[in-house]
Amino acid sequence: MERTGHKEFADEIVEKAKELGACLAGITHVSELRQSPSHVIYSKLDRFRGIGTKESKGIAPGEFAWPQRARSIIVLAVPHPSYKPELDWWMEGCRGGTPGNQMLISINDGLSKWLEEKKTVETKKLPYYIEQGGVFLKDAAAMAGLGCIGKNNLFLTPDLGPKVRLRALFTYLKLPSTGPLEFDPCKECDMPCRKVCPQDAFASKKYSQDQMGLADLPGRDGVYDRHLCNAQMESDVAKSERTAAEGGEKAGRVVRYCRRCELVCPVGK
Ligand code: B12
Ligand code: SF4
Ligand code: SF4
């Protein structure tokens, strides 16, 4: 079912998401997202079992599964400025893993409740992990017109660059798409993001257009090596510290994952 007056309704949804705490929100169609570069390439890649993946009974690595009735996807972003590094720290016992994810989950909850109760639109809140039914959030955000994929392989917005984190929900009602956006700050940039990596994860071409059958590859031109990046994440876990219990907080491990290719980007500084 498509609702009349839907352009105004889409604008109202974006405004509501911002009122709930998102810095940006946008909408794209699920049928188009199924054809996005990450969703197309995923089954052609080796079966990656690193940080950011989760064992799941239902969905095997290389596959994804969404409800058949899902028609549109609403993507939310919250800022992760360099002066608030703790938003991105993975902490034992924290809902969603990080304080930033916790904020995103609560905005997603609020938006879903408002859509269902006030607007009678059925929704499905999406998990972070692909193996649990999630989507590739950077593709969804680029297609919804919130920004573009940069040469650091991260999603960049005009105002905040890559310093945002993302979350999404499906609607079973088809809504108009808010994207894409003409924006490419990488064209004129000398790519500090690719020089700063401690693992040299952008040093050589890993994927080609011929081999993968598409032009939009990891790192845009196929140079991003997720195994090298994951090795850095593993070493960040090994370096992580246990914090002492303070006030009402429980003691737990805090992991500060590498963000060098993100923080060096001049966009949004
Ligand atoms: C698994 C995972 C990881 C793994 C594997 C990463 C990988 N890219 O393979 C590891 C642990 C290594 C990792 C590292 C990081 N991650 Co991570 N990760 C994820 C997760 C769960 C899935 C990503 C994934 O598997 N992508 C699939 C692979 C196939 O695609 P890809 O390498 O990203 O390349 C695609 C894009 O570049 C795209 N593309 C290229 N050009 C174009 C053009 C257009 C128009 C479009 C639409 C797409 C497109 O196509 C490529 C495929 O061909 C997402 C959350 C989610 N559900 O999306 C977070 C996520 C991508 N990670 C995130 C972050 C921040 C990081 C780190 C900085 C670590 C940190 N401190 O959190 C690093 C950055 C690494 C980098 N430079 O990309 C954020 C990104 C935010 C942003 N602004 O972009 C996400 C979205 C989580 C979140 N909470 O918001 N991650
Ligand atoms: S540092 Fe430059 S090339 Fe890298 S993502 Fe940012 S704008 Fe693009
Ligand atoms: S997150 Fe760190 S290790 Fe991964 S690509 Fe960026 S700079 Fe390299």
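This passage walks through a four-stranded sheet, the surroundings of two ligands and one loop residue in a predicted model.

Local features are described at pLDDT of at least 70 and side-chain atom pairs at pLDDT 80 or more, while totals for chains, interfaces and linings use all residues. Residues are numbered from 1 along each chain as its sequence is written, chains are lettered from A and ligands numbered from 1 in the order in which they are written, and side-chain values use heavy atoms, with hydrogens and water left out.

We can start with the sheet. Helices (H or I, at least four residues) and strands (E, at least two) are DSSP runs numbered from the N terminus, and two strands pair if DSSP finds at least two bridges between them. Four strands make up an open, antiparallel sheet in the order β1-β2-β7-β4. Its edges are β1 (24-29) and β4 (123-125), each of which pairs on one side only. On average, neighbouring strands are turned by 25 degrees against each other, direction ignored; axes here are lines fitted to C-alpha atoms, for helices over the stretch in contact, and angles run from 0 to 180 degrees between N-to-C directions.

Going across the sheet, β1 is joined to β2 (residues 72-79) by six bridges, with Ala-25 partnered by Leu-76. Eight antiparallel bridges then link β2 and β7, and three link β4 and β7. Thr-171 of β7 is the bridge partner of Ser-72 and also of Thr-123. Two helices lie across these strands, contact meaning heavy atoms within 4.5 Å. Helix α1 (residues 6-19) lies across β1 and β2, at about 140 degrees to β1, whereas helix α4 (residues 99-119) lies across β2, β4 and β7 (164-171), at about 25 degrees to β7.

Strand β7 is largely enclosed by the rest of the structure, because eight of its eight residues are buried, that is, under 20% relative accessible area (exposed is over 50%, partly exposed in between; 1.4 Å probe, protein chains only). In a regular strand the side chains alternate between the two faces of the sheet. Accordingly, Val-164, Leu-166, Ala-168 and Phe-170 point one way from β7, and Arg-165, Arg-167, Leu-169 and Thr-171 point the other way.

Strand β7 also leads to ligand 1. A backbone N or O atom of Val-164 lies 3.3 Å from a nitrogen atom of this ligand, within the polar-contact limit (a pair of N or O atoms within 3.5 Å; within protein, one must be able to donate a hydrogen and the other to accept it, and residues adjacent in sequence count only if both atoms are side-chain atoms). The elements giving two or more residues to the shell are α3 (37-41), α5 (137-143), β7 and α8 (226-239), and α8 gives the most, with four. Polar backbone atoms of Tyr-128 and Val-135 lie 2.8 Å and 3.0 Å, respectively, from a nitrogen atom of ligand 1. In total, 37 residues surround ligand 1, each with a heavy atom within 4 Å of it.

Around ligand 2, the residues include Cys-186, Cys-189, Cys-193 and Cys-265, together with Lys-151 and Asn-152.

Finally, Asp-221 is found in the loop between α7 (209-212) and α8, and is partly exposed at 31% relative accessibility. Asp-221 touches Arg-194, Lys-205 and Tyr-207, not counting residues up to four places away in sequence. Its side chain makes a polar contact of 3.1 Å with the side chain of Arg-194.
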